[in-house]
Amino acid sequence: MKSLLSIRSIRVLAIILLALAVAYLLTIFSHLDVKTVSFFEGLTSAFDRTNDAFFLFLTSPFIRVFSGQIHFNMMSFSQWLNQTTPLILTGLAISLVFSAGVLNLGAEGQMFAGAVAGSFIAVFVSLPAFLHITLIILVSAFTGAFCSVLPAYASVKKRNSEILVSLMMNYLAFYLGIYFMKRFILDETSGAVMSVKFAPSSSFPLFSERYKLHLGFIFAMLLALIIWYLLKKTRWGLKIKMIGSNSNFAEYSGIHLKKQLITVQLLSGGIAGTAGIFELIGFHGRFLWSSSPGYGWDGIIVAIMASKNPLYVPLSAAFLAYIRVGAQNMGRYTDVSPDLVKIIQAIIIIFLTAEGLFASENFQNSIKKLRGNSHG
Amino acid sequence: MVNLIDILSNPSFYATIIRVSTPLLLASMGALIASLAGTPNVALEGIMLFSAFSGTIVSALSQSLFMGLLGGLASALLLSIILCVFSLKYKANIILTAIAINILSSGLTAFLLSAVSGQKGNTSSFQSAVFPQIHFVFLEKLPFLSEILNNQNALTYSAYASVFVVFLLIRKTPFGTHLKAVGENPEAAVSVGLSVNKIKAMALIISGLLAGLGGMFLSMGYISWFTRDMTGGRGWIALAAQALGGKSVIGVTLSALLFSTGESLSYSLQMANIPNELVQSIPFVMTIVVLLVYLKVSDHRERL
Amino acid sequence: MSLPDEPILVLNGVTKIYPNQVIANDDIYLNIQGGHVHVLVGENGAGKTTLMNILFGLIKPTSGEIIFKGRKALFKSTFESIQAGIGMIHQHFKLVPSLTVLENCFLGIEPKSFIFSNHREMKNILNTFLHKFDIKLPLEKKIEDCSTATKQLIEIIKTLIRGADLIIMDEPTSLLAPQERDKLFNIIRKLKQNGKTIIFITHKLDEALSMGDEITIIRQGKVLNTFHNHNNNLKEFDLIQMLFKGNSKNIKVEKRDMDEDVVLSFQGVTLKGKTVTSLSDVSFNLHKGEILGIAGLADSGQQEIIDIIMGYENQYSGIFRLNGKIITHHTLQRARALQVSYIPSDKLSIGSDGNLSLWHNLISTQLDSKWVANIFRLKKSKIRRYTQELMQSFSIKASSPSMKVENLSGGNIQKTILARELSVKSKIILADNPTSGVDSESALFIRQQLLNQKNKGKAVLLFSHDLEELKLLSDRIIVLYQGKINGKFHNNDALNDYRLGESMMEAKAGNCS
């Protein structure tokens with residue numbers, strides 16, 4: 001068992017390095033200025049600029065160099081932790097449904113809708129802080145779960161039909177969410193697309209006032225622990241595992257397939273629904289997404305990298321958030337576009353889901369040899 | 001309501017439908033071919049985007065429309081091949097791989113956009129060639145229809161021609177027959193010696209090329225530059241159109257036209273007080289409703 | 001032209017042993033005469049289909065030689081065998097539903113004009129063949145609208161168009177009505193007249209006798225004998241004798257008498273499928289402390305009875321009772337709640353999950369039980385102990401309770417399933433071919449376990465294609481034939497193999513105590 005684990009980790013690591021290498025090469029290519037100088041000089045300058053950019057990319061969430069000295073980059077570090085929170089939550093949501101063999105990819109829409117609904121509560125309701133925040137989180141969760149109803153229904157009628165329905169729901173949730181936001185809580189005074197300020201009682205507690213590092217991280221880690229526990233230590237977790245592994249056997253063993261498919265998707269939707277709200281009530285104090293932030297899509301990557309294991313989700317979420325923040329800084333201070341991150345993400349997914357790449361007869365045989373022939 | 005009649009009686013409304021249906025129709029035909037072969041191509045959005053970018057950049061650099069066309073098609077081919085290799089040969093989940101390609105395309109185009117043009121929003125500094133509009137003399141005489149059908153873009157006419165071509169391909173060629181065999185009963189295909197993987201790969205590549213053409217319309221049709229994420233979900237709507245239209249070329253075409261009508265309507269209605277977002281959500285609502293109804297009905301039918 | 005005496009197909013010592021040590025084909029020697037109809041007769045699991053799949057290139061033999069038309073012929077793919085001139089008509093048709101008859105016939109070999117399919121040419125070629133063999137086909141009809149008989153004709157034409165000289169037909173009449181069957185036989189006669197060779201697989205003796213020039217009996221992977229049917233001199237008697245000759249070693253087992261209490265009953269149950277009626281007025285009772293054996297060949301209705309009892313199938317007429325109560329809107333959960341255990345014939349995809357651990361497979365039906373978990377957590381130590389106990393009492397050889405089931409041998413997987421199903425509180429045990437594909441030692445163990453259950457007062461419904469097993473274990477035996485009950489026997493010394501076999505193979509009803 002242990003050897004299998006480390007092989008999987010090595011594989012993930014190798015793919016990450018590959019993706020970073022490709023990104024590196026791409027950046028060098030984009031820096032090549034063939035028009036003005038000789039090729040060699042052009043290449044050196046490209047390397048220099050790329051190395052500068054990548055240095056910033058890979059280290060900025062931790063450190064920053066100012067007048068020749070290395071300081072701890074609290075600003076970026078806080079951003080890193082803040083960004084990890086939504087990714088843990090959407091990563092958990094997707095890990096859940098993937099564990100049950102369901103391809104409900106609606107985390108993006110569930111998150112967005114949940115965030116909008118939570119924002120409404122943040123604006124219109126006034127309660128003591130603790131109650132207010134709890135209510136906001138609950139409403140976000142319920143809204144997210146609500147977005148899962150139709151895909152869940154579809155999946156019960158015909159397996160795999162939830163893919164298109166959930167993808168459509170993403171768009172629907174986005175457009176409807178923006179509509180409701182504009183209609184009811186839009187800030188008329190500002191020129192941008194954003195809501196009015198949230199009520200003060202909705203303000204989510206922060207670790208640090210200055211850097212606005214909010215406690216959502218704690219919530220996400222707690223939830224990761226809870227979901228891990230549910231999946232590994234309870235009988236419900238066993239049922240989900242069976243459904244994801246072989247639903248015929250699960251049904252044969254007397255498991256209520258339909259009931260569990262719906263349950264797992266509602267739960268997943270609820271978790272995804274809370275993914276976005278912390279950033280809004282903790283960091284921004286108002287709703288200001290004019291386009292969908294993409295946490296739901298990242299959640300898919302997080303889940304795949306974590307092999308659907310809730311304990312590894314925070315790790316992959318941290319990695320993805322790290323490169324996100326790093327890339328944002330890189331984009332701010334150099335000419336390299338932060339969209340590089342998407343390229344890295346894509347390469348990671350493509351190689352990770354290619355089971356056949358690692359499932360060849362030879363590879364399997366070498367793994368078996370490593371584990372030893374313990375059973376005749 | 002008065003507004004509606006004004007809108008519907010205006011020939012430019014219908015001309016707009018024809019115009020905006022161009023990328024959608026091409027991508028929908030691609031979705032249809034892939035779906036018939038049993039390999040849904042969820043990467044249409046990403047392929048369209050990438051071709052839109054490559055086409056306009058290549059044509060700007062080479063100052064030639066033809067080179068731009070080739071560049072766009074080549075990039076569509078590249079992404080399609082990646083999809084084929086990873087999902088068919090390495091047994092990756094085709095949906096997840098396709099989503100990865102969409103993300104790749106979004107990131108790559110935005111990255112190259114700023115790297116190549118120095119701008120972060122669009123490539124307007126690069127003057128690319130555009131596909132010409134075509135004027136048919138014989139259409140001049142027709143009242144009302146001439147304004148709708150004449151002077152559309154070359155790619156628009158190509159899109160409608162592609163419907164015809166795809167129809168012939170599916171109904172009248174051996175390849176079309178093989179496509180259906182592979183999609184409906186791969187065992188039957190294997191039993192007569194057909195290579196299932198080869199046919200699926202061909203289907204994916206063709207669907208990618210069609211999507212690529214559709215993407216190029218966006219950046220080389222009426223405007224001559226590329227903007228970030230300019231496909232705006234059209235690839236997904238194409239999939240929705242295919243889900244609605246099923247296996248028939250006519251069904252998919254009509255569905256695509258339906259969605260295009262919605263889009264054209266949204267432009268007209270922007271004058272009226274109906275919020276943009278609600279109109280834009282129409283295709284998605286439609287798809288969900290139709291899908292759910294279809295599921296309920298076939299479930300009911302099986303019980304009988 | 002080959003000499004009339006030279007066989008078109010020769011099998012020399014063809015053997016197929018699967019990785020789990022099961023011998024599907026055991027040193028088979030066979031000569032097939034060109035231009036003849038050669039019938040292969042045998043029960044399910046006798047090895048006929050395996051042999052044909054080897055011939056057709058779908059399976060690789062472990063050893064042996066095949067010579068077709070004088071040349072060595074170990075085909076690596078169906079494409080190769082088709083090229084060589086072998087055509088196969090499978091039990092499950094390989095046709096594309098939404099394409100027309102014409103398109104299906106020419107799939108993969110379409111004549112072209114430019115890039116388009118040349119429909120006219122296709123029609124001409126096809127009509128030539130149809131005319132030659134006096135067959136009528138609706139060329140433009142879609143397959144999904146065609147009857148089973150038509151589909152079969154299409155499969156035959158497909159092989160002819162591709163130049164088949166040897167045509168293998170696997171149980172071709174199982175889904176045909178009598179008139180369609182006669183039409184098929186006429187076509188086979190015409191094919192013979194045209195020099196084609198037919199290998200005809202069936203379990204129906206009357207067909208074998210009316211169509212076959214040679215009849216080979218295969219039993220448990222071996223060829224028992226090949227009869228020559230000149231001028232129809234063969235009688236069914238000869239065949240049945242051979243097929244069902246009992247083994248002399250009839251192990252006497254201690255069996256308790258069965259109780260009076262009826263725990264399960266079928267009354268007038270009829271199940272109509274799309275083309276055939278799978279069950280027709282089936283009625284029987286299952287008693288406490290009884291092993292009721294259900295005998296029957298493939299497609300005789302065994303699977304449908306299982307599906308009804310387990311809740312997979314609900315569209316039937318008639319009354320199904322469990323413990324006296326009439327059952328409607330049945331589901332798997334309900335069946336299990338009503339204490340029915342089920343040992344399925346599909347060990348690997350339904351009866352177990354290879355990805356999961358041994359302990360998980362063993363408690364999969366008890367996940368809602370109190371002893372497995374409380375509100376907070378799984379009782380891991382109890383589960384582990386339970387697993388170890390079962391591993392011992394059922395001799396499941398595994399390195400640890402957390403071992404993945406896919407790494408167990410076939411026999412151990414079957415014992416796992418057995419352990420799980422027999423260790424819960426159950427009143428009724430449904431065993432579907434529990435020892436098929438299992439090594440003899442494990443099979444012995446499994447049979448003993450079933451007897452133990454019966455002696456403890458449980459009711460066992462034993463479905464099996466293995467007559468030996470049925471005779472060994474059952475108190476009574478019911479014979480199914482084409483969805484009808486064709487015989488009810490008490491399993492005592494008066495029962496003889498001949499009568500059992502007879503009722504499994506023809507429409508003569510045999511009721512006897």
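1. Chain B runs helix after helix from the N terminus on, α-α-α-α-α-α-α-α-α-α-α-α-α-α. The tally is 14 helices and 0 strands, with helices (H or I, at least four residues) and strands (E, at least two) being DSSP runs numbered from the N terminus.

2. A quick caveat: this is a predicted model, where local features need pLDDT of at least 70, side-chain atom pairs count only at pLDDT 80 or more, and totals for chains, interfaces and linings use all residues. Residues are numbered from 1 along each chain as its sequence is written, while chains are lettered from A and ligands numbered from 1 in the order in which they are written.

3. On size, chain B has a radius of gyration of 20 Å against 19 Å from the globule rule for 304 residues, so it is as compact as a globular protein of that length. That radius is taken over C-alpha atoms, and the rule is 2.2 Å times the number of residues to the power 0.38. The C-alpha box is roughly 55 × 50 × 40 Å along the principal axes.

4. Chain C mixes things up, with 16 helices and 23 strands. Its radius of gyration, 25 Å, agrees with the value near 24 Å for a compact globule of 513 residues, and its C-alpha trace spans about 70 × 55 × 45 Å along the principal axes.

5. Now chain A against chain C: 17 residues from chain A and 20 residues from chain C make the contact (C-beta atoms, placed from the backbone, within 7 Å). On the chain A side, α9 (235-245) and α10 (247-252) each give two or more residues, and α9(A) has the largest share, 5 residues.

Methods
Contact = placed C-beta atoms within 7 Å.
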